[in-house]
Amino acid sequence: MRCVNFLIKPASSLCNLRCRYCFYADEAAHRTQPSMGIMSEATADVLLGEAFRTVDAGGTVSFAFQGGEPTVAGLEFFRQFAARAHTLCPKGVKMNFSIQTNGTLLDEEWAEFFRQERFLVGLSLDGFKDLHDHCRVDAEGAGTWNRVAKAARLLQSRGVEVNALCVVTGQCARSPEKAYNSLKKLGLRYLQFIACLDPIGVQRGGQPYSLTPEAYGRFLCRLFDLWYADWAAGRYCSVRLFEDYVHVLLGDGASTCAACGQCGAYFVVEADGSVYPCDFFVLDEWRMGRLGETPLSAMAHSERAAAFLQWGREKPAECVGCRWRALCNGGCKNDWVTGPDGRPHNYLCTAFDMLLTHAAPRLAAVARAEARARGV
């Protein structure tokens with residue numbers, strides 16, 4: 001494989017926060033074993049060995065850490081992982097490190113480590129203080145915005161590349177300007193906004209934090225206006241979804257599988273070495289095997305992996321004649337729901353139709369400008 005991408009859960013579903021909408025806590029609760037604990041040094045070594053055996057000469061291996069809360073594994077775990085990766089990495093192979101964290105456990109030592117190893121750090125920050133503190137609380141029920149904002153300033157002061165991840169709840173959807181401008185005020189210029197998920201197996205839209213398709217569509221349209229105005233004024237701020245659409249228009253492909261409607265971009269590795277095809281499907285029925293017992297290449301070509309990919313190709317019926325199919329391609333299948341007709345439908349289809357109807361001409365204008373800048 002030219003590119004081998006891992007999403008690693010070194011602390012499984014363990015977390016020091018109790019976010020009210022946490023999708024992974026819900027997902028883990030649907031497994032036979034909710035938590036696999038902390039990844040051992042031996043399992044990390046097996047993972048690294050498989051990674052560098054699988055990647056082609058001159059290729060790239062990406063190690064992304066997530067949770068739960070990955071920093072619960074401790075800084076020493078990451079120091080040892082990075083040191084072993086440098087030792088084992090074949091000549092000519094490139095490595096990328098990243099982490100998605102709630103930021104509350106970060107300090108000077110973490111910041112220095114991230115700087116030295118050139119980690120891309122994604123901080124979970126829900127727009128603005130009141131919104132964030134409503135859902136993202138610690139074990140005592142206290143809000144965490146101030147702690148995460150402090151971590152953002154610390155990382156920036158050390159020259160660490162920092163992104164913000166904002167979960168769009170029903171409450172957030174009512175305040176796109178406030179969320180966008182608050183994150184920019186923290187000095188963050190790379191932003192990702194993702195739709196909040198309802199619990200597995202529960203009819204969508206019934207939770208206190210639930211996001212309806214219409215509310216998400218209105219949020220995305222207004223957020224796009226703000227983003228485009230900044231782009232046109234030369235004060236660019238990256239919003240990942242909009243950039244993905246621009247890259248699709250340019251023929252580059254999207255940076256996320258959800259934006260392009262294609263599965264199979266990475267391997268999820270749980271703390272015990274179990275491997276799954278997607279972070280939204282770290283469930284017993286989709287477990288592909290375990291590192292050290294089955295080669296990664298064999299898992300990638302297994303019947304279970306093939307079934308998962310085939311499922312992703314079976315798009316909702318309304319995609320067939322949709323004018324936005326080339327951009328959306330059905331979206332993420334985790335958003336598919338079964339309609340009264342017994343067929344899958346993308347729950348958020350209305351939202352993306354609203355956005356693309358609203359934004360398509362300006363997305364095309366940004367793509368043309370980018371093409372000119374490239375000399376194409």
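**Aromatic contacts, core packing and strand pairing**

In the predicted model, K178 lies over the face of F128, at 4.5 Å from the ring centre. A second contact of this kind involves Y228: the charged end of R362 sits over the Y228 ring, 5.4 Å from its centre.

Aromatic rings also pair with one another, and the structure holds 32 aromatic pairs. One of them is formed by F113 and F119, a tilted pair with 5.4 Å from centre to centre and 50° between the planes. F113 has a relative accessible area of 5% and is buried; F119 is likewise buried, with a value of 3%. A further pair is made by W227 and F242, whose ring centres are 5.3 Å apart. The planes of W227 and F242 meet at 55°, so this pair too is tilted, since only angles under 30 degrees count as stacked and those over 60 as edge-to-face. The W227–F242 pair links distant parts of the chain, with W227 in helix α9 (residues 213-232) and F242 in helix α10 (residues 240-250), 15 residues apart. W227 is buried, with a relative accessible area of 1%, and F242 is buried with a relative accessible area of 1%.

The surroundings of W227 were examined further. Leaving aside residues up to four places away in sequence, W227 touches Y180, Y236, C237, S238, V239, F242, V246, L363 and V366. Two of these contacts, F242 and V246, are among the buried residues of α10, which are L241, F242, D244, Y245 and V246. The cover over the buried residues of α10 includes α9, β7 (238-239), α11 (257-260), α14 (325-328) and α15. Just after α10, G251 takes a positive phi of about 85°.

W227 is also listed with F6, F63, F65, F81, F114 and Y216 as the residues with the most contacts inside the largest nonpolar core, which has 109 residues. Helix α15 (residues 349-374) gives the most to this core, contributing ten residues. Apart from the largest core lies another, of seven residues, among them L17, C19, V167 and C196. In soluble globular proteins, nonpolar side chains tend to be buried together.

Strand β5 (residues 161-168) is mostly covered, with six of its eight residues buried. Strand β4 (residues 120-124) runs parallel to β5 and is joined to it by five bridges. Within this pairing, L123 has A164 of β5 as its bridge partner. β5 also pairs in the parallel sense with strand β6 (residues 190-195), again over five bridges. Here V168 stands opposite A195 in β6.

Glycine 49 was considered separately. G49 is placed in helix α2 (residues 41-54). Its relative accessibility is 18%, so G49 counts as buried, the limit being under 20%. G49 and G292 are 243 residues apart in sequence, yet their C-alpha atoms are 9.5 Å apart in space.

Methods:
Residues are numbered from 1 along each chain as its sequence is written. This is a predicted model: local features need pLDDT of at least 70, side-chain atom pairs count only at pLDDT 80 or more; totals for chains, interfaces and linings use all residues. Side-chain values use heavy atoms; hydrogens and water are left out. Rings of Phe, Tyr and Trp (its six-membered ring) pair if their centres lie within 6.5 Å; planes under 30 degrees apart count as stacked, over 60 as edge-to-face and the rest as tilted. Buried means under 20% relative accessible area, exposed over 50%, partly exposed in between (1.4 Å probe, protein chains only). Helices (H or I, at least four residues) and strands (E, at least two) are DSSP runs, numbered from the N terminus. A charge sits over a ring if NZ of Lys or CZ of Arg is within 6 Å of the ring centre and within 35 degrees of the ring normal. Two strands pair if DSSP finds at least two bridges between them. A nonpolar core is a set of buried Ala, Val, Leu, Ile, Met, Phe, Trp, Tyr and Cys residues joined through side-chain atoms within 4.5 Å. Contact means heavy atoms within 4.5 Å.
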